[in-house]
Amino acid sequence: MGAKKKISVYALSAISSVALVSSLSVSGAPRAEAALSQCGTNRACAWWDQNYSGTFGYWTSSQSYLSGWNDVISSTMNHRSGDIGWWTDAGYSGLSMIYGPGVGGYYVWPHIAENSISSVYFY
Ligand SMILES: [Ca+2]
């Protein structure tokens, strides 16, 4: 993740400030699709920001505690063949959002999932 962040910082510094401003002002659907493509098969994916943007991470097995990712996730995607449960507390407890294959979404406060996911279960 650190390497990924560095790459994007270098990429931005190569663009002129004018180009940077215009790319920020039109950063809608195209960026979202680019971000969704980060999520390979057989993975549970998450992003820190809405619309599948921001810091990206993925898991290939259940995580009883999302270390480094606790209460920061705003977007999720299930690219597994089975269901995934995102839980608001560690140890697959609290409130859950169970999603089938290919189902994802992003959360805006006051949705219960916004910045509250703490564990993920692979069914
Ligand atoms: Ca939580």
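Q: Before I trust any detail here, where in the protein chain is confidence lowest, and where is it highest?
A: Start there, yes, since this is a predicted model. Confidence bottoms out in helix H2 (residues 17–25), with a mean pLDDT of 35, and peaks in strand S7 (residues 119–122), at 98. Across the protein chain the average is 81, and 73% of the residues score at least 70.

Q: Over which residues does pLDDT stay under 50?
A: That's residues 1–28. For that stretch the model has five contacts beyond four places in sequence.

Q: How many helices and strands should I be looking for?
A: Three helices and seven strands. Walk along from the N terminus and the order is α-α-α-β-β-β-β-β-β-β.

Q: How do I read the strands as sheets?
A: The general idea: strands of a sheet pair through backbone hydrogen bonds, either parallel or antiparallel. In this model, one open sheet has four strands in the order S2-S1-S3-S6, paired antiparallel. Strand S2 (53–59) and S6 are its edge strands, each pairing on one side only. From one strand to the next, the twist averages 15°.

Q: Which residue is the bridge partner of alanine 46 in S3?
A: Threonine 76. Zoom out and you'll see strand S1 (residues 44–49) pairing with strand S3 (residues 75–78) over four bridges, in the antiparallel sense. Alanine 46 also helps you place phenylalanine 56: their C-alpha atoms are 5.9 Å apart, with the two positions 10 residues apart along the chain. Phenylalanine 56 belongs to strand S2.

Q: Why does phenylalanine 56 count as partly exposed?
A: Because it has 19 C-beta neighbours inside 10 Å, and a buried residue needs 20 or more. For the chain as a whole, 20% of the 123 residues count as buried.

Q: What is the strand order in the three-strand sheet?
A: S5-S4-S7, an open sheet with antiparallel pairing. S5 and S7 each have a single partner strand, so one side of each is left without a neighbour in the sheet. Ignoring direction, neighbouring strands of this sheet are turned by 25° against each other on average. If you want a pair to inspect, S4 and S7 run antiparallel and are joined by four bridges. There, tryptophan 87 stands opposite serine 119 in S7.

Q: How do I read a nonpolar core?
A: In soluble globular proteins, nonpolar side chains tend to be buried together. Here the largest nonpolar core has 16 residues, and Cys45, Trp86, Ile117 and Val120 touch the most other members. S1 and strand S4 (84–89) are the elements that give two or more residues to this core. The largest share, four residues, comes from S1.

Q: Which residues is isoleucine 117 in contact with, leaving aside its neighbours within four places in sequence?
A: Leu66, Ile73, Trp86, Trp87 and Thr88. On contacts in general for this chain, take those between residues at least 6 apart in sequence: 63% of them join residues at least 24 apart.

Q: Let's finish with a loop. Is proline 101 buried or exposed?
A: Exposed, because 12 other C-beta atoms lie within 10 Å, and 12 or fewer is the cut-off for that label. You'll find proline 101 in the loop between strand S5 (93–99) and strand S6 (104–106). Not counting residues up to four places away in sequence, proline 101 touches Asn78, Arg80, Ser81 and Gly82. Its C-alpha atom is also 6.0 Å from that of aspartate 83, a residue 18 places away along the chain.

Key:
Residues are numbered from 1 along each chain as its sequence is written. This is a predicted model: local features need pLDDT of at least 70, side-chain atom pairs count only at pLDDT 80 or more; totals for chains, interfaces and linings use all residues. pLDDT is the predictor's confidence in each residue, from 0 to 100. Two residues are in contact if their C-beta atoms, placed from the backbone, lie within 7 Å. Two strands pair if DSSP finds at least two bridges between them. Axes are lines fitted to C-alpha atoms, for helices over the stretch in contact, and angles run from 0 to 180 degrees between N-to-C directions. A nonpolar core is a set of buried Ala, Val, Leu, Ile, Met, Phe, Trp, Tyr and Cys residues joined through C-beta atoms within 7 Å.
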